[in-house]
Amino acid sequence: MADVVERTPAERHIYPRTVRFGDIDSQGHVNNVRFLDYLEDARFGMFHIDPYNAGDEPFKGLVVTRHEIDYRRPLGFRAHPVRVETWVTEIRSVRFTLRYEIRDDEGVYVTAMSVLAAYDVDRAAPRRLTETELAYLKRYAE
């Protein structure tokens, strides 16, 4: 009988996101398109703000090549932020996959997935992820 290997879950990047009045649609909940803004804000925090605050070089030249989003339950206007929890599920030489949950302690409002590719803006072409970028991504890898 094979040994059971226990694996610790990936570290999740946690981004608190305030529900803004402008996010709310005529039905009284966050509009489905606005949730993509929540994901963008969390990615900006994860790849730009946090490295900068730690004295590291922020990621440069990332492009989103794909999004998938599942709406689990409505999110209405509220005083307290929700958490956008982000982790990495796949890392390749040029691209990687993120998974997200937009949630609070009561449950999950949205699950989502994005594929991002490293991009050289000057050459207008894909590039390989650097060793520093790979090491950073591995902190959040499943």
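**A quick tour: pockets, core and one buried threonine**

When you look at the lining of the largest pocket, α2 turns out to supply the largest share, with three residues. Keep in mind that you're looking at a predicted model. Its mean pLDDT is 94, and 94% of the residues reach 70 or more. Below, we go from the pockets to the nonpolar core, then to a single strand residue and the part to read with care.

**The largest pocket**

- This pocket has a volume of about 200 Å³.
- Its lining is made up of P51, D56, E57, P58, F59, K60, R127, T130, T132, E133 and Y136.
- Sorted by class, that lining has five charged residues, four nonpolar ones and two polar ones.

**The second largest pocket**

- Here the volume is about 160 Å³.
- Around it you'll find E40, R43, F44, F47, H48, F59, G61, L62, V63, V64 and L116.
- Two elements, α1 and β2 (62–71), each give two or more residues to this lining.
- The top contributor is α1, with five residues.
- Seven of the lining residues are nonpolar, while two are polar and two are charged.
- F59 is worth a look, since it turns up in the lining of the largest pocket and again in that of the second largest.

**The nonpolar core**

- The largest nonpolar core brings together 27 residues, and Y38, F47, L75 and I102 have the most contacts inside it.
- At least two core residues come from each of α1 (34–53), β3 (82–91), β4 (95–104), β5 (107–120) and α2 (131–139).
- Once again α1 gives the most, this time with six residues.
- F47 plays a part in two of our topics: it's among the core residues with the most contacts, and it also lines the second largest pocket.
- Which residues does L75 touch, leaving aside neighbours within four places in sequence? They are V19, H29, V30, F35, Y38, V82 and Y109.

**T97, up close**

- You'll find T97 in strand β4.
- Is T97 buried or exposed? T97 counts as buried because its relative accessible area is 7%, and the cut-off for buried is under 20%.
- Setting aside residues up to four places away in sequence, T97 is in contact with W87, V88, T89, E90, M113, S114 and V115.

**Where to be careful**

- Residues 1–7 have pLDDT under 50 throughout.
- For that same stretch, the model shows one contact beyond four places in sequence.

Conventions. Residues numbered from 1 in each chain as written. Predicted model: local features only at pLDDT ≥ 70, side-chain atom pairs only at ≥ 80, totals over all residues. Heavy atoms only, no water. Core = buried A, V, L, I, M, F, W, Y, C linked by side-chain atoms within 4.5 Å. Buried < 20%, exposed > 50% of the residue type's maximum accessible area, 1.4 Å probe, protein only. Helix = DSSP H or I, 4+ residues; strand = E, 2+ residues; numbered from the N terminus. Contact = heavy atoms within 4.5 Å. 1 Å grid on protein atoms, 1.4 Å probe; cavity = no way out; pocket = protein on both sides within 12 Å on 5 of 7 lines; lining within 4 Å. Points joined across faces, edges and corners; volume = space filled by probe spheres on them. Nonpolar A, V, L, I, M, F, W, Y, C, P; charged D, E, K, R; others polar. pLDDT = per-residue confidence, 0-100.
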